[in-house]
Amino acid sequence: MRTLFILSAFLLSSMSAVAQHHHGDSATLKAEKVSEHSMYHLKAEWITHRNESVTLSQFKGEPVIVVMFYGNCTQVCPILIRDTWRLYNSIDESLRSSVNVLAVSFDRENDSPEVLKKYAEYEQLNIEGWHFVTAKEADIRSLAMMLGVQYVKKSDGEFAHSNLVSVLDTEGKVAVRVEGLNQPMVSAARKVEDMLKHHTMQ
């Protein structure tokens, strides 16, 4: 991942501090309560950065890491995406191929599949199992509400939003939430591995 390899630990900490400062009170929204229902009940059609159509229920039987972001965000969202990568990369390599990552943009106006493809390529995350997606505004909002992610477009075109990485279990229910930037991911990764091992034993 480009960001991961380029930035030093010191620089990452500095970026986080700057991002938290700029996105502090005015742009960071605390995550709300999560829905207890399966996300697989959502019938929305999502378009990936590969210009493919997918539904959430297609991922049934495998854990899904979900993060919401927008491509024009230059401070917080790159850290959120990097945090998502850290979680994914902390999962045992032998199990990683059974995990999907859904990076959902809430900037439907600017983040077309073509733009998302360039974003994925820039971040060196145009890899199997990773899906940068967009959908109808109502569907993006519905998913955000179920995840407990808040977001609002500001007058300058930027978004204030929650900084949240979630993991759906094999039935599409939220099993893990990591809120905030640069949080430890090892515990979340172990829970994903437990899900996969338990599912295999069934």
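This section describes the overall fold, the nonpolar core, one buried strand and the annotated residues of a predicted model.

The protein contains 7 helices and 9 strands. Of its 202 residues, 51% count as buried. The exposed surface of the protein amounts to about 10,000 Å², and carbon and sulfur atoms supply 51% of that area. When contacts between residues at least 6 apart in sequence are considered, 74% of them join residues at least 24 apart. Confidence in the prediction was also examined. The mean pLDDT of the protein is 88, and 86% of the residues reach 70 or more. Over residues 4-25, however, the pLDDT is below 50. Beyond near neighbours in sequence, this stretch has 23 contacts in the model.

The largest nonpolar core comprises 63 residues, and the members that touch the most others are Trp46, Ile65, Phe132 and Leu147. Helix α3, formed by residues 76-90, gives the most to this core, with 8 residues. The surroundings of Phe132 illustrate how such a residue is placed. With residues up to four places away in sequence left out, Phe132 touches Ile47, Thr48, His49, Phe69 and Ile81, among others. Its further contacts include Ala103, Leu116, Tyr119, Ala120 and Leu125.

Strand β8 spans residues 164-168, and 5 of its 5 residues are buried, so the strand is largely enclosed by the rest of the structure. The side chains point in two directions: Leu164, Ser166 and Leu168 point one way, whereas Val165 and Val167 point the other way. Residues of both groups are buried.

Strand β8 is paired with two other strands. Strand β3 (residues 64-69) is joined to β8 by 4 bridges, and the two run antiparallel. Within this pair, Val67 stands opposite Val165. Strand β9 (residues 174-179) is joined to β8 by 5 bridges, again in an antiparallel arrangement. Here the bridge partner of Ser166 is Arg177 in β9. Strands β8 and β9 form a hairpin with 5 residues between them. In the turn of this hairpin, Gly172 has a positive phi of about 90°.

An unreviewed UniProt entry lists Cys73, Cys77 and His161 under "binding site". These residues are spread over 89 residues of sequence, yet they cluster in space, with a largest C-alpha distance of 10.7 Å. Cys73 lies in the loop between β3 and α3. The relative accessible area of Cys73 is 2%; because this value falls under the 20% cut-off, Cys73 is classed as buried. His161 belongs to strand β7, which covers residues 159-161. At 1% relative accessibility, His161 also counts as buried. Leaving out residues up to four places away in sequence, His161 touches both Cys73 and Cys77. Other residues touched by His161 include Ala27, Thr28, Leu29, Tyr70, Val76 and Leu80. Phe106, Gln150 and Tyr151 are also among the contacts of His161.

Pro184 provides a contrasting case in terms of accessibility. This residue is found in the loop between β9 and α7 (186-201). With a relative accessible area of 68%, Pro184 is exposed, whereas Cys73 is buried. The C-alpha atoms of Pro184 and Asp83 are separated by 8.8 Å, although the two residues are 101 residues apart along the chain.

Note on methods
Residues numbered from 1 in each chain as written. Predicted model: local features only at pLDDT ≥ 70, side-chain atom pairs only at ≥ 80, totals over all residues. Heavy atoms only, no water. Buried < 20%, exposed > 50% of the residue type's maximum accessible area, 1.4 Å probe, protein only. Pairing = 2+ DSSP bridges. Contact = heavy atoms within 4.5 Å. Areas by Shrake-Rupley, 256 points an atom, 1.4 Å probe, with all protein chains shown as cover. Core = buried A, V, L, I, M, F, W, Y, C linked by side-chain atoms within 4.5 Å. pLDDT = per-residue confidence, 0-100. UniProt positions renumbered as here; feature names shortened; annotations may be inferred.
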